[in-house]
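Colleague: I am new to this structure and would like a close look at a single part of it, the site where the ligands are bound. Please take me through it in one connected account.

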Amino acid sequence: AAKAGGDSRRRYAPELDDEAGEAARLGAAMRIALDTGQFRLVYQPIVSLPDGRRVSVEALIRWEHPERGFVSPADFIPVAEQNGLIVELGAWVLRTACAQAVVWRATLGDRAPERMGVNVSARQLAEPGFPELVAAVLARTGLEPQRLTLEITETAVFGGGRAVQAVKDLRELGVRIALDDFGTGHSSLGLLQTVPVDVLKVDKSFVDDITLAGREAVIATALIQVSHGLGLTAVAEGVETAEQATELHRLGYRLAQGYHFGRPVAEPDFLASPTTVAV
Ligand code: C2E
Ligand code: CA
Ligand code: CA
Ligand code: CA
C-alpha cells in the first residue's frame, strides 16, 4: 500500500489491511456457516392501520456464530455482497422464506400473512438468471407469485441495466417489488419514472421524528402522496411508538412495520403471536 499517496495514506494503510483481513475471516466463517446451517430466518409483521391486523411479514436473516456470537446482517451482508456468497445465501433465504409462507398458509389458512417479503441485494438482482431462480423457487415450493414481495434497494436499480430488466421480468411473473429504505437514495423520486415497483417502504429516518411536525413529517406526507398518486402501496418502517402509528395513520399511511407492532422473531414465536396487535 506504499504507493505515492502521501503521509495520510500510509497512516491509514494498516487499518485498511485489518479491515480486509476481517472481511476475509468473516467470509471464510460464512462459508462454513452456510455448510453447517448456522443461518436462520426471523419474521417481523407488517400490519394494517388502524386495526393492527398482520397482513404481511418480512423475513430477516440471523447468524449465530459458535464463537463470535450474534453477527448483525448489517455487518455480514456487505461482506457477502463483496465476495459473492450473497448469491448462494440469498437463494437459501428465498427458498426458506417461500417454503415457510406455504407452511403458514397450510396451518393458519386465512389467518396466515397474505404476503412474504424477502430482501434481495443488488448483486443478487444483477446476477444473470435471478428471475428464473425466483420462478423455480415458486414452482418448487408452490407459493403463488403474488404472495411474494421482493424488497430491493434504490442503489440496486440506480444504474439501470440488467437489474431494471430483472425487476420487469419479476413483475411479469406476478411477484411484487418493494423499494426498501425509500427516500434515502440519491434519486428516489427519479427512479419511480423508470423502475416499475409496487411498494414503497418509507425509511425509518422519516418516521422517527414524525410526531414533532418538523421536516420529517413534511417528507413523510409528501411520500404518501406520491405513493397514492402513482397507485403504489406505502409501508412506514421502524415504527416504535403508538404516537408515531397514530400520526402515520392521520397522514394517510395504511401499512406499518416496527418494534411497536412486533419485533422480528423465530418461526414458532411468530406462529404463536396474535394476528392482530394493539395499535
Ligand atoms: P432492512 O431490510 O431495512 O430491514 C429492517 C431492519 O430494521 C431490520 O434490521 C429490522 O430488525 C430493523 N427494525 C424493524 N423495526 C424496527 C424498529 O422499530 N426500530 C429499529 N431500530 N429497527 C427496526 P436487521 O434484521 O438487523 O437487518 C438489517 C439489514 O440487513 C436489513 O435492513 C437488510 O438490508 C439486511 N438484511 C437482513 N436480512 C437480509 C436478507 O435475508 N438478505 C439480504 N440481502 N439483506 C438482508
Ligand atoms: Ca427490507
Ligand atoms: Ca428498510
Ligand atoms: Ca435498512
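Modeller: A polar contact, as the term is used here, is a pair of N or O atoms within 3.5 Å. With that cut-off in mind, and remembering that this is a predicted model, we can begin with Asp181, which has a polar side-chain atom 3.2 Å from an oxygen atom of ligand 1. Asp180 also approaches ligand 1, with an N or O atom of its side chain lying 3.0 Å from an oxygen atom of the ligand, and Glu58 places a polar side-chain atom 3.3 Å from a ligand oxygen atom. Taken alone, ligand 1 exposes 800 Å², and the protein buries 79% of that.

The setting of ligand 1 is the largest pocket. Three elements each give two or more residues to the shell around ligand 1, namely β2 (54-65), α2 (73-83) and β6 (176-182), and of these β2 gives the most, with 4 residues. There are 20 residues around ligand 1, and those that come nearest are Arg62, Asn119, Asp180, Glu240 and Tyr259. Sorted by class, the shell holds 8 nonpolar, 5 polar and 7 charged residues.

Some of the residues just named also hold calcium. The calcium ion (ligand 2) is coordinated, at 2.1 to 2.3 Å, by Glu58 (OE), Asn119 (OD1), Glu151 (OE) and Asp180 (OD), and along the chain these donors follow the spacing E-x60-N-x31-E-x28-D. Asn119 lies in strand β4 (residues 115-119) and Asp180 in strand β6, so this pair ties together parts that are 61 residues apart in sequence.

Asp180 does not stop at that ion, for it bridges the calcium ion (ligand 2) and the calcium ion (ligand 3), which are 4.1 Å apart. The calcium ion (ligand 3) has as its protein donors Asp180 (OD), Asp181 (OD) and, listed twice, Glu237 (OE), at 2.2 to 2.6 Å from the ion; the spacing of its donors along the chain is D-D-x55-E.

Asp181 in turn bridges the calcium ion (ligand 3) and the calcium ion (ligand 4), which lie 3.7 Å apart. For the calcium ion (ligand 4), the protein donors are Asp181 (OD) and Asp181 (OD), lying 2.9 Å from the ion.

The backbone of Asp181 also deserves attention. Asp181 is found in strand β6, and its phi is near 50°, a positive value in a residue other than glycine. Most residues other than glycine have a negative phi, and most peptide bonds are trans. A further point about the backbone concerns Leu49 and Pro50, which are joined by a cis peptide bond with omega at about 5°, and Pro50 has its place in the loop between β1 (39-48) and β2.

To draw the account together, Asp181 makes a polar contact with ligand 1 and bridges the calcium ions listed as ligand 3 and ligand 4, while Asp180 bridges those listed as ligand 2 and ligand 3.

Terms used: Residues numbered from 1 in each chain as written. Chains lettered and ligands numbered in written order. Predicted model: local features only at pLDDT ≥ 70, side-chain atom pairs only at ≥ 80, totals over all residues. Heavy atoms only, no water. Near = heavy atom within 4 Å. Polar contact = N/O pair within 3.5 Å; in protein donor to acceptor, adjacent residues only side chain to side chain. Areas by Shrake-Rupley, 256 points an atom, 1.4 Å probe, with all protein chains shown as cover. 1 Å grid on protein atoms, 1.4 Å probe; cavity = no way out; pocket = protein on both sides within 12 Å on 5 of 7 lines; lining within 4 Å. Sits in = over half its atoms within 2 Å of the grid points. Nonpolar A, V, L, I, M, F, W, Y, C, P; charged D, E, K, R; others polar. Donors = N, O, S within 2.8 Å, 3.2 Å for Na, K, Ca; no water.
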